[in-house]
Amino acid sequence: MATTSALSREVLAKYEPVIGLEVHVQLLTATKIFCGCSTRFGDPPNTNVCPVCLGLPGALPVLNAKAVEFAVRAAMALHCCINETSIFARKNYFYPDLPKGYQISQYDKPLAEHGYIEIPDDKGGVKRIGITRLHMEEDAGKSLHDGFPDSKDFTYIDLNRSGVPLIEIVSEPDMRAPDEAYEYLTRLKEIILYTGVSDCNMEEGSLRCDANVSVRPRVQEKFGTKTEIKNVNSFRFIREALEYEIERQIEVIESGGKITQETRLYNPNEGKTYSMRSKEEAHDYRYFPEPDLLPLVVDAEFQKRVRDSLPELPEAKRNRFVAEYGVTEYDAQVLTASQNLADQFESAARAARNPKRVANLVQTELMGRLKANGLAIEQSPISMKGVAMSADLAEAGTISSKMLKDLYDLAFERREDFPAIYEKEKPQQISDTGALEKMIDEVIAANPKQVEQYRAGKKTVAGFFVGQVMKASKGQANPAMVNELLTKKLER
Ligand SMILES: [Zn+2]
């Protein structure tokens with residue numbers, strides 16, 4: 001934890017942090033929200049522009065229907081109520097990367113309200129974090145402060161991003177710890193990815209987060225004065241920034257000072273936040289309804305169409321995986337981390353003879369090796385198809401569990417998938433009845449005491465004999481056949 005001071009645990013524990021998050025998500029439409037310009041990332045600066053997104057006088061915005069559909073889709077996945085009528089509003093401020101002098105956003109009549117995201121609480125249950133509102137707006141351009149020979153003297157503006165569609169998702173101040181903020185963001189990103197309305201790529205700015213944070217004595221109900229931390233570009237940094245900022249605020253209060261309502265920036269190299277501007281300099285945006293756009297009406301039929309197209313969301317999928325495949329909560333979470341992975345697992349499990357065995361192998365054999373090798377599941381050398389193949393081989397008794405483990409080890413060692421390893425290392429399995437009988441006879445002859453026990457009714461001794469035969473065959477005997485032949489001979 002980033003520590004600002006030598007505050008004792010007792011002092012820190014006297015205060016409760018209150019955190020709210022504002023997240024901007026870029027929608028994956030091909031064109032901008034109010035014009036036909038491309039939204040493609042990385043094109044040469046100022047090539048995807050037109051009179052509308054350059055804010056030239058007289059140009060009129062036309063709303064992109066796909067952007068509305070995507071925004072509604074995200075709002076529904078976040079359990080929001082959709083307002084049938086919402087209003088676009090002008091948010092007025094001057095900034096070099098905002099050529100119109102205002103941003104088209106939504107203000108007192110947003111597209112959607114009253115949603116929530118569930119995060120795990122520390123008692124093994126769930127905590128619901130409220131979503132106040134979700135509204136649509138356009139992005140501004142981008143100021144380029146460095147990377148040019150004369151960057152010392154000039155700032156360049158790239159307006160390719162001007163007019164790219166965004167949704168802003170504002171949470172209730174329901175979070176009480178930086179970890180909760182981290183969980184909220186993780187879940188939010190996961191849900192948005194499932195809906196397919198954004199790639200949530202933080203490096204490219206498709207997901208941006210601002211955090212509001214204050215502290216209050218635990219006995220106090222009224223919120224303390226909050227500060228806003230802006231433009232942090234990873235979930236980890238947001239957690240760190242919050243940890244620092246909470247301690248900083250407690251320190252100020254403990255030393256008799258007052259928190260100033262202000263915007264602060266986080267420097268991840270130093271692990272500290274710095275004041276950017278105080279609230280006195282804050283903008284008065286003078287919102288008013290956008291006169292060039294009609295109220296946005298999302299009727300029941302449109303809503304139904306979007307709702308019907310929603311995929312199974314991570315929460316529901318997790319619960320189903322636990323019920324259907326008997327995996328643990330934790331593994332269900334890993335398996336549903338992306339829709340792609342969840343689909344791979346499911347199609348492999350369904351194609352296998354015994355879906356539960358696939359789930360079981362993922363849990364016992366795959367996860368442990370991934371962890372030991374420091375690999376994420378997407379980097380696994382063994383694909384879900386490979387797991388399914390190994391499950392079928394084990395199910396049929398073609399490979400013993402020891403062989404399976406050895407093959408998994410080899411797959412991780414050589415970074416090759418299971419089918420390839422199996423093809424090369426296919427155990428020379430002994431399925432020749434004569435050879436197996438010979439081994440069994442030897443084992444029986446060498447262990448008369450156990451034979452006696454077995455024949456006296458202690459059937460569990462059979463396991464001992466199977467083990468001995470497997471050992472004698474160096475793990476190459478066909479376990480199913482050994483079982484069958486052994487039983488016959490012992491029962492004789
Ligand atoms: Zn344009």
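Buried means under 20% relative accessible area, exposed over 50% and partly exposed in between, with a 1.4 Å probe and protein chains only. The structure is a predicted model, in which local features need pLDDT of at least 70, side-chain atom pairs count only at pLDDT 80 or more, and totals for chains, interfaces and linings use all residues. Residues are numbered from 1 along each chain as its sequence is written, and side-chain values use heavy atoms, with hydrogens and water left out.

**View 1. Two histidines with positive phi, His-79 and His-114**. His-79 has a phi of about 60 degrees, a positive value, although this residue is not a glycine. His-79 is placed in the loop between H2 and strand E2 (81–82); helices (H or I, at least four residues) and strands (E, at least two) are DSSP runs, numbered from the N terminus. With 41% relative accessibility, His-79 counts as partly exposed. His-114, also not a glycine, has a positive phi near 60 degrees. His-114 belongs to strand E6 (residues 112–120) and is exposed, its relative accessible area being 55%.

**View 2. The zinc ion and its four cysteine ligands**. Cys-35, Cys-37, Cys-50 and Cys-53 coordinate the zinc ion through their SG atoms at 2.3 to 2.4 Å. Donors are N, O and S atoms within 2.8 Å of the metal (3.2 Å for Na, K and Ca); water is not among the atoms, so sites may look incomplete. The arrangement is tetrahedral because the 4 donor atoms subtend angles of 100 to 116 degrees around the zinc ion. Four donors count as tetrahedral if all angles lie between 85 and 135 degrees. Ideal angles at a metal are 109.5 degrees for four tetrahedral donors. Along the chain, the donors follow the spacing C-x1-C-x12-C-x2-C. Cys-37 and Cys-53, 16 residues apart, both lie in the loop between strand E1 (15–26) and helix H2 (65–77). Cys-37 counts as buried at 10% relative accessibility, as does Cys-53 at 4%.

**View 3. Surroundings of Ser-214 in strand E11**. Ser-214 is part of strand E11 (residues 207–217) and, at 4% relative accessibility, counts as buried. Leaving aside residues up to four places away in sequence, Ser-214 touches Glu-16, Pro-17, Val-18, Gly-224, Thr-225, Lys-226 and Gln-249; contact means heavy atoms within 4.5 Å.

**View 4. Surroundings of Thr-263 in strand E13**. Strand E13 (residues 262–267) contains Thr-263, which counts as buried at 5% relative accessibility. Apart from residues up to four places away in sequence, the contacts of Thr-263 are Glu-228, Lys-230, Tyr-274, Ser-275, Met-276 and Arg-277.

**View 5. Contact of helices H10 and H12**. The axes of H10 (residues 384–395) and H12 (residues 418–425) come within 8 Å and cross at roughly 45 degrees. Axes are lines fitted to C-alpha atoms, for helices over the stretch in contact, and angles run from 0 to 180 degrees between N-to-C directions. H10 and H12 are therefore oblique to each other: angles under 35 degrees count as roughly parallel, over 145 as roughly antiparallel, 65 to 115 as roughly perpendicular and the rest as oblique. H10 contributes Gly-386, Met-389, Ser-390 and Leu-393 to the contact, and H12 contributes Phe-418, Pro-419 and Tyr-422.

Terms used. Tetrahedral: all angles 85-135°; square planar, octahedral: opposite > 155°, others 65-115°.
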